[in-house]
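Reader: I would like a close look at one helix of this assembly, followed by an account of how the chains around it are arranged. Please take the part first and the whole afterwards.

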Amino acid sequence: MSLIEITDVRKSFGANEVLKGIDLNVEPGEVIAIIGKSGSGKSTLLRCINGLETINSGSIQVAGAQLAPDELHLKALRLKVGMIFQSFNLFPHKTAGQNVMLSQMVVKKTPKPEAEAMARKMLERVGLAHKFDAYPDELSGGQQQRVAIARALAMQPMALLCDEVTSALDPELVQEVLAVVKELAAEGMTLLMVTHEMRFARDVCSRVVFMHMGRVHEIGPPAEVFGAPKTPELRQFLGAQH
Amino acid sequence: MIEFSNWDILRNLLLAARWTVVLSLVSFVGGGIVGLGLLFMRISRSRWPRLFAGAYVELFQGTPLLMQLFLAFFGLALFGINVPAWLAAGVALILWTAAFLAEIWRGCVESIAKGQWEASASLGMGRMQQMRYVVLPQAMKIAIPPTVGFSVQVVKGTSLTSIIGFVELSKAGTIVTNATFLPFTVYGYVALIYFVLCFPLSKSSQYLERKLNVAHRNH
Amino acid sequence: MGYVFDYSWLADYWGVLLKGVLVTAELTLVGATLGVSLGVACAWARSLGPRWLKPIVATYVELIRNTPFLIQLFFIFFGLPSLGVQMSEIQAALLAMVINLGAYSCEIVRAGIQATGQGQFEAGWSLGMTRFETFRYVVLIPALQKIWPALSSQIVIVMLGSAVVSQIAAEDLSFAANFIQSRTFRAFESYIVATLIYLALAILLRQLLRGVGFVLFPRRSGR
């Protein structure tokens, strides 16, 4: 059984159908890059998987947990998939350490000492052990994003959704975040990432999904998708990247 | 005991509500004029007018309107005038309104970007010209929604003049209550009339603010 | 003018004033605590609560914000007993203040929630928090921090507005001033003294609220 099963998912905003029947299965340990023009529906797809958008039809399952709009189902689902946002969304009134501890204590009722130990471990993992007591506004964008990754990892998800995690960063800070993501991939974490970093997608991902007009337009291993694009739309998209 | 119909009650209240409206208008217009003077003192470049206007605003915003009404009522009497309630009410409300309007408008003037002052200065305009042609026209636009919003506070503030004996809507409410022994009904009607006066002002202030925000976003 | 100011009565009546000050302070502190709590609850209901609750809260807010505090007070103290609800003067005064501040702080806190931004909610949800948990642990403190100055001003306004509770014979500071002037016939002086005390209370309250802000929000806002 696949870890994430997306079956004929449709999503509209008013009269505008953004996802026009998406089918996608993700196996455990896969690293998938979703590429495409803005407005192709790629971010919406990620947000649907995490229940941040409600789908109009179709189904999404993560490790047997079905996506449903009620809070109990959403919580079960969100405990299995973490999400990293383009704009970090760290909690400004909490230190890096507290950011990582909060949801463990609130959602999982983890006792504080254990939550703190986990927070230290996760910050260590993203190379920020020494920033445990720093507030978000004392951190660079790259550091904030790494804290956000540690925060999601502390919930021990089975998969991570990364929504353009480097797009809001200054160019010189992109690599430190990608390095962390790459390491996660090497450790076997299942990753589903919307990205504009084509080289990263080529080097790290097991499959690349090209979305166009709300559909999965082309899908395959990076060598195929980047090396021998089948459709004119993908060729045009890849051409525009350079 | 005489029976009072709902209409009797409402009619008496509505008649008195005219004075609420008149006093509100007088206070708002008078307060606007005094407030404008205060505003110019507050943003003037010389120290004393600025200090005076600052202290004035602090004093009127930092003390209860009710006390200001009492002081106007008994203070004017010190000059040997037999003060009618409407005069004390008008004076106090004008001075009180002026303090709040001056402060609201100062915020608007100060929100005009520094670049506007610098640009107009670089074109050789004097301070008055800068105000007249560059700053005030822009400040006025953003001042309209909060000014309309404050008019609601003025209408509600007039209710306190009942305490020094001016017969407007609230005082009429008390008088009619004492005659009918129907406080729930009477004060319900009084509240309703105030609501009818204030709600359109509140809504138009919100509407104007939204419109202004949209206009700003499109720039 | 031939008027001679006379403050000699202060020697006999300072105790009355002090008692009035304590009542005003008590009304303000209790009223502000309960009123802001009510406002936070209403702000939650209006921005995140169940759909059926929103119009009810909106109606409450508009009714209160568009009618004078004095009439709200009279309605509660004189009107409600005819429905069988009896209250002491102080209870009625407190209730009126809580209801009044609740409506204003609802709108202020709501603005803070809106300014906090969707991203914070989504971050909380994506970590598995419920809507309420996200509001409580993630959004509330930054939202309050954003609007703390406006909320503080509103609390000062409510304290000053509470002067009218003397009209239902709640024995606050303005009641003390009325009492003193009726005994001494020194109306102007009584009200001058009371007014200055109110001014001092307002300045003190502002400082107190600043202090509360420092405790509640040890972090200066990042942006």
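Author: This is a predicted model, in which local features need pLDDT of at least 70, side-chain atom pairs count only at pLDDT 80 or more, and totals for chains, interfaces and linings use all residues. Residues are numbered from 1 along each chain as its sequence is written, while chains are lettered from A and ligands numbered from 1 in the order in which they are written.

The part chosen is helix H5 of chain A, residues 141-153; helices (H or I, at least four residues) and strands (E, at least two) are DSSP runs, numbered from the N terminus. The expected span of a helix is 1.5 Å times one less than its number of residues, so the 13 residues of H5(A) should span 18 Å, and this agrees with its end C-alpha atoms, which are 18 Å apart.

A residue is called buried if 20 or more other C-beta atoms, placed from the backbone, lie within 10 Å of its own, exposed if 12 or fewer, and partly exposed in between. By that criterion H5(A) is mostly covered, with 12 of its 13 residues buried, among them A:Gln143, A:Arg146, A:Ala150 and A:Arg151. The cover over these buried residues includes strands S6 (81-84) and S7 (159-163) of chain A, together with helices H3 (96-107), H4 (112-125) and H6 (171-186) of chain A.

A:Ala150 also leads outward to the largest nonpolar core, a set of buried Ala, Val, Leu, Ile, Met, Phe, Trp, Tyr and Cys residues joined through C-beta atoms within 7 Å. Of the 206 residues in this core, those touching the most other members include A:Ala150, B:Val190 and C:Leu73, and the largest share, 15 residues, comes from helix H4 (residues 85-111) of chain B.

Two residues are in contact if their C-beta atoms, placed from the backbone, lie within 7 Å. Leaving aside neighbours within four places in sequence, B:Val190 is in contact with residues including B:Leu13, B:Gly173 and C:Ile71.

Between chains, no contact joins chain A and chain B, whose closest C-alpha atoms lie 22 Å apart, whereas 18 residues of chain C are in contact with 23 residues of chain A. Helix H5 (118-126) and helix H6 (131-161) of chain C each supply at least two residues of the side of chain C that touches chain A. Of the two pairs of chains in contact, chains B and C share the most contacts.
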